[in-house]
Amino acid sequence: MVIYTSKKSASFFLRKHRKWPYSPYKARWHRIFNQQQAMQSLKQSALKPPQEESLNKSHLLSSLIHSFSIYNVEPTAKAFDYIFKTLVKTSQFHHIPSVLDHLEKVENFEPPESTFAYLIEVYGRTNKTHEAIELFYRIPKFRCVPSVYSLNTLISVLCRNSKGLKLVPEILLKSQVMNIRVEESTFQVLITALCRIRKVGFAIEILNCMVNDGFTVNAEICSLLLSCLCEQKDATKLEVMGFLEQLRKLGFFPGMFDYSNVIRFLVKGKMGLDALHVLNHMKSDRIKPDIFCYTMVLHGVIEDRDYLKADELFDELLVFGLVPDAYTYNVYINGLCKQNNFEAGIKMVASMEELGCKPNSITYNMLVKQLCKAGELSKAGELVREMGLKGVGLDMQTYRIMIDGLANNGKIVEACGLFEEALDKGLCTQSLTFDEIICGLCHRDLSCKALELLEKMIGKNVSPGARVWKALLLSSGFKLGCVETKLFSLVDSCVETKLCSLVDSNQTRLSSESVAVEQ
């Protein structure tokens, strides 16, 4: 059966259901293509130097208008972002207001809030706080709805100094009029900025406001606040431990980093037993302390002279499988030295080597110093020789310890020998110890040896103190002749050396100034 339809009904069907092709000039892809071509033209013109740049209008803005008008398309937000970033990169900040005026009064599209947040950040970096605040209030005029994003950017800018910090309450009040709802991120920005400028008290008050308003406290913010409070010089134990307990009530669980900060604060404040209590609390929270925590607590306990606890701590860290480093051994050996248990300290050095931890100069210097104080000069000398055999270089501290020990025990000649050795190695500088040696030689009627040593000092550019000259003059009064003549020649040599150094420094300064003037 064949059904015939009229010609009129068929054309009506086609008109109703057929998808007629659009003109290519009205297609979306064509508009995007033209915008891309306009952007390429804008970037090329931006590379060229301006021919006749107006005082009130940016060359880049003129290029933008010209480039997009050629392709018969409207400027885009991406184009304006390019202009702003180029002006900032080339330090043409004076052209930004004219571009903003054009964007507000001429264009019709809605620019993204990120554009204004970027400019607020730029104004903050260049100390243009007033311009940053004005731009924030002006955002609605650009057909853009401001949000907490731009508010947080402005607050972070203002909190960089105390002057801008005073403006924050006013900004928060006016932001409510602008229908911007303060969120959790705003409090986090405030707390982070306040911690950065060491205003921890204000940051804790902001945290309390955050809790009272029903916001969730971020663990990262709690950790930051605790760390900054521990770094405060005037912070007390009650403040730090009380704040830690307050954070626990808010649901904060301290980690390794947080416990380390609290332990460091307590040890620095000579509260070693309190640091030990925190270490035990740390273990009860099922957090295994690392060797750094144990070393800090060990140091604090030794400073409190609780040597029994120190031994227990050292044994405990070994049981936990922790490997002590050189600093840990040095702390423990220092505790043994304070107990005058030198034999145990020397055995501990041997144990270090067996466990693959090489003793350093600090390790040996501690033992040598305590042995010298106890009058065990022979054992101290053996340790010094052991240092040389094991490749641990003798530093200035080692020589000073040995020279002090020999001089205090009346062995001036031996101290003089070490002093000459330090001079030969170029380790010597002026100090009371070396002056004491020369004075000691003069008192023992060894003026000739003192003069030889003094001559060597001057040859190494080491200036003796006033006591040395006085002692030499007094000793030369008993034996006039060659001693006195040599003494005055050394004085002349020393004065001449100092004058030459002064002349050289002045000539260097004058030559640099003349070069600067010529440039």
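Here follows a short exchange on the ring pairs, charges, burial and repeats of this predicted model.

Reader: How many aromatic pairs does a search of the whole structure find?
Author: The search finds seven aromatic pairs.

Reader: What makes Phe80 and Phe109 a pair, and why is the pair called tilted?
Author: The ring centres are 5.9 Å apart. The cut-off for pairing is within 6.5 Å, so the two rings pair. The planes meet at 45°. Stacked needs under 30 degrees and edge-to-face needs over 60, so 45° counts as tilted.

Reader: Which parts of the chain does the pair of Phe80 and Phe109 tie together?
Author: Phe80 lies in helix H4, residues 77-89. Phe109 lies in the loop between helix H5 (96-105) and helix H6 (113-125). The two parts are 29 residues apart in sequence.

Reader: Why is Phe80 called buried?
Author: Its relative accessible area is 1%. Buried means under 20%, so Phe80 qualifies.

Reader: What makes the pair of Tyr294 and Phe320 edge-to-face?
Author: The angle between the planes is 75°. Edge-to-face needs over 60 degrees, so the name fits. The rings are 6.2 Å apart, centre to centre, and the limit is within 6.5 Å.

Reader: Where do Tyr294 and Phe320 lie in the chain?
Author: Tyr294 is in helix H17, residues 291-303. Phe320 is in the loop between helix H18 (307-319) and helix H19 (326-338). They are 26 residues apart, and the pair links distant parts of the chain.

Reader: Are Tyr294 and Phe320 buried, exposed or partly exposed?
Author: Tyr294 has 0% relative accessibility, so it counts as buried. Phe320 has 34%. Partly exposed lies between 20% and 50%, so Phe320 counts as partly exposed.

Reader: Which residues do ring pairs link into a cluster?
Author: Phe314, Tyr329 and Tyr332.

Reader: How do you know that Lys43 lies over the face of Tyr82?
Author: Lys43 is 5.8 Å from the ring centre. The distance cut-off is within 6 Å, and the charge must also be within 35 degrees of the ring normal. Lys85 likewise lies over the face of Tyr118, at 5.9 Å from the ring centre.

Reader: How many disulfides does the structure hold?
Author: Zero. A disulfide would need two cysteine sulfur atoms within 2.5 Å. Cys159 is buried at 0% relative accessibility. Cys222 is buried too, at 2%.

Reader: Where does UniProt place the repeats?
Author: The unreviewed entry places "repeat: PPR" at several spans, including 325-359 and 360-394. Residues 325-359 are 74% helix and 0% strand, with end C-alpha atoms 10 Å apart. Residues 360-394 are also 74% helix and 0% strand, with end C-alpha atoms 10 Å apart.

Key:
Residues numbered from 1 in each chain as written. Predicted model: local features only at pLDDT ≥ 70, side-chain atom pairs only at ≥ 80, totals over all residues. Heavy atoms only, no water. UniProt positions renumbered as here; feature names shortened; annotations may be inferred. Helix = DSSP H or I, 4+ residues; strand = E, 2+ residues; numbered from the N terminus. Phe/Tyr/Trp six-rings, centres within 6.5 Å; stacked < 30°, edge-to-face > 60°. Buried < 20%, exposed > 50% of the residue type's maximum accessible area, 1.4 Å probe, protein only.
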